[in-house]
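The following exercises concern a nonpolar surface patch and an aromatic pair. Each task is followed by a worked solution.

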Amino acid sequence: MAGFLLWLLLLVFCWPLALLALVLYPIVWLILLPFRLVGITVGAVFAFLHALLMLPARVLRGHPA
């Protein structure tokens with residue numbers, strides 16, 4: 001909601017820039033999408049490695065998960 005209000009404020013003060021931002025936003029989102037997917041994948045790999053390294057400690061502790 002805050003982003004929309006900021007866009008409306010930009011529309012009032014500088015409408016050509018607001019329209020340019022409206023047109024370029026989907027293009028920038030598509031360009032940044034692969035980086036977001038790589039970030040999710042790297043986070044999942046680190047979570048898996050953490051779980052794998054902590055598995056012996058969880059087994060030896062004997063508490064149910």
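The model is predicted, so local features need pLDDT of at least 70 and side-chain atom pairs count only at pLDDT 80 or more, while totals for chains, interfaces and linings use all residues. Residues are numbered from 1 along each chain as its sequence is written, and side-chain values use heavy atoms, with hydrogens and water left out.

**Exercise 1.** Locate Leu-32 and determine its exposure class.

Step 1. Leu-32 belongs to helix H2, residues 15–61 (a helix is a DSSP run of H or I with at least four residues, numbered from the N terminus).

Step 2. Its relative accessible area is 40%, so Leu-32 is partly exposed (buried means under 20%, exposed over 50%, partly exposed in between, with a 1.4 Å probe and protein chains only).

Step 3. Leu-32 also contributes to a nonpolar surface patch of about 850 Å², whose members include Leu-17, Ile-27 and Phe-35. Such a patch takes residues with over 30% relative accessible area and no salt bridge, nonpolar side chains being joined within 5 Å (a salt bridge is a side-chain nitrogen of Lys or Arg within 4 Å of a carboxyl oxygen of Asp or Glu).

**Exercise 2.** Identify the aromatic pair and describe its geometry.

Step 1. Searching the whole structure gives one aromatic pair. Its partners are Phe-4 and Trp-7, stacked at 6.4 Å centre to centre with 20° between the planes (ring centres must lie within 6.5 Å, the six-membered ring being used for Trp; planes under 30 degrees apart count as stacked, over 60 as edge-to-face and the rest as tilted).

Step 2. Both residues lie in helix H1, residues 2–13, three residues apart, about one turn of the helix.

Step 3. Phe-4 is partly exposed because its relative accessibility is 46%; Trp-7 is likewise partly exposed, at 21%.

Definitions and conventions
Patch = residues over 30% accessible without salt bridge, like charges linked within 9 Å, V, L, I, M, F, W, Y side chains within 5 Å. Areas by Shrake-Rupley, 256 points an atom, 1.4 Å probe, with all protein chains shown as cover. Helix = DSSP H or I, 4+ residues; strand = E, 2+ residues; numbered from the N terminus.
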